[in-house]
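Reader: I would like a close look at one part of this protein, with its surroundings described as carefully as the model allows. Please take it step by step, in connected prose.

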Amino acid sequence: MRLFTAAAVILLAAGCTDHPATSPDPRTAQALLTIATVFNHDYDTGNYGPVYTRWDARSQAIITRADYIARHKACPGGSPVLSQTESVSPGGPQGAWLVHYQIGGQQLTDYWFYIQRRWVFDLILSNPEAVKLYRMSQSQYVATLGCAH
């Protein structure tokens, strides 16, 4: 029992869970950089549950968690090249923090907010094209992306 408890503590501390954090996120640039790095790695490697969990409520209202995961399992969206999260900075629209990263040399920016003591990802600002896709039916989504599933 003690070994199981120790393993569970280690997994939780490492962030290996689909459940939201029970303690607040520090409201620091370093905390956001760490969280965004894990977020991008989870997306790149197909671990979509924790990605969805980090979305803000407005983004989660677009598609359910189950549908989001099912769509990405049917049509993986990640690049074969892993992203590299580089830096964060304040100054985005509506008080957003900017997360700067690159994939294969292409520079990208995501928008994050600190809401209710948690860093959350704003899909609507970060990727409006994905919003259009997620509002489609599953069959339209698959046909639009040309997935074989």
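In which loop is the place of Arg-117?

Author: The model is a predicted one, and what follows should be read with that in mind. Arg-117 has its place in the loop between β3 and β4, and Gln-116 is in that loop too, with β3 covering residues 106–115 and β4 covering 118–121. The two strands form a hairpin with two residues between them.

The backbone of this turn deserves attention. Most residues other than glycine have a negative phi. Gln-116, although not a glycine, has a positive phi of about 50 degrees, and Arg-117, likewise a residue other than glycine, has a positive phi near 65 degrees. As for accessibility, Gln-116 is exposed, with a relative accessible area of 76%, and Arg-117 is exposed as well, at 53%; because the cut-off for exposed is over 50%, both residues fall in that class.

From the turn one can follow the strands on either side. β3 and β4 run antiparallel and are joined by four bridges, and in this pairing Tyr-114 stands opposite Trp-119 in β4. In a regular strand the side chains alternate between the two faces of the sheet. In β4, Arg-118 and Val-120 lie on one side and Trp-119 and Phe-121 on the other, and these four residues are all buried, so that both faces of the strand are covered.

The hairpin belongs to an open sheet of four strands, in the order β1-β2-β3-β4, with antiparallel pairing. β4 is an edge strand, as is β1 (84–89), each of them pairing on one side only, and the twist from one strand to the next averages 30 degrees. At the β1 end of the order, five bridges join β1 to the antiparallel strand β2, residues 97–103, where Val-88 stands opposite Val-99.

A helix is set against this sheet: α2 lies across β1, β2, β3 and β4, and runs at about 150 degrees to β1. Thr-37 is in helix α2 and counts as partly exposed, at 35% relative accessibility. The C-alpha atoms of Thr-37 and Val-99 are 9.3 Å apart in space, although the two residues are 62 residues apart in sequence.

The interior around these elements can be described through its nonpolar residues. In soluble globular proteins, nonpolar side chains tend to be buried together. The largest nonpolar core here has 26 residues, of which Trp-55, Ile-63, Tyr-68, Trp-112, Leu-123 and Tyr-134 touch the most other members. At least two residues of this core come from each of α2 (29–44), α3, α5, β4, α7 (128–134) and α8 (138–145), and α2 gives the most, with five residues. Apart from this core lies another, of five residues, including Ala-96, Leu-98, Tyr-111 and Val-120. Val-120, named above as one of the buried residues of β4, therefore belongs to a core set apart from the largest one.

Aromatic rings form a further layer of this description, since a search of the whole structure finds 13 aromatic pairs. A pair of aromatic rings is described by the distance of the centres and the angle of the planes. For Tyr-52 and Tyr-68 the centres are 5.7 Å apart and the planes stand at 35 degrees, so this pair is tilted. Because Tyr-52 lies in helix α3 (residues 48–53) and Tyr-68 in helix α5 (residues 65–74), the pair ties together parts that are 16 residues apart in sequence. Both of its members count as buried, Tyr-52 at 7% relative accessibility and Tyr-68 at 1%. Another pair includes Phe-121 of β4: the rings of Trp-112 and Phe-121 have their centres 5.8 Å apart and their planes at 65 degrees, so the pair is edge-to-face, and both residues are buried.

Ring pairs also link Tyr-43, Tyr-48, Tyr-52, Trp-55, Tyr-68, Tyr-134 and Tyr-141 into a cluster. Within the cluster, Tyr-134 is in contact with Trp-55, Tyr-68 and Tyr-141, and its contacts beyond four places in sequence also include Ile-62, Ile-63, Arg-71, His-72 and Leu-123. Arg-71 in turn lies over the face of Tyr-141, at 5.0 Å from the ring centre.

Terms used: Residues are numbered from 1 along each chain as its sequence is written. This is a predicted model: local features need pLDDT of at least 70, side-chain atom pairs count only at pLDDT 80 or more; totals for chains, interfaces and linings use all residues. Side-chain values use heavy atoms; hydrogens and water are left out. Rings of Phe, Tyr and Trp (its six-membered ring) pair if their centres lie within 6.5 Å; planes under 30 degrees apart count as stacked, over 60 as edge-to-face and the rest as tilted. Buried means under 20% relative accessible area, exposed over 50%, partly exposed in between (1.4 Å probe, protein chains only). A charge sits over a ring if NZ of Lys or CZ of Arg is within 6 Å of the ring centre and within 35 degrees of the ring normal. A nonpolar core is a set of buried Ala, Val, Leu, Ile, Met, Phe, Trp, Tyr and Cys residues joined through side-chain atoms within 4.5 Å. Contact means heavy atoms within 4.5 Å. Two strands pair if DSSP finds at least two bridges between them. Axes are lines fitted to C-alpha atoms, for helices over the stretch in contact, and angles run from 0 to 180 degrees between N-to-C directions.
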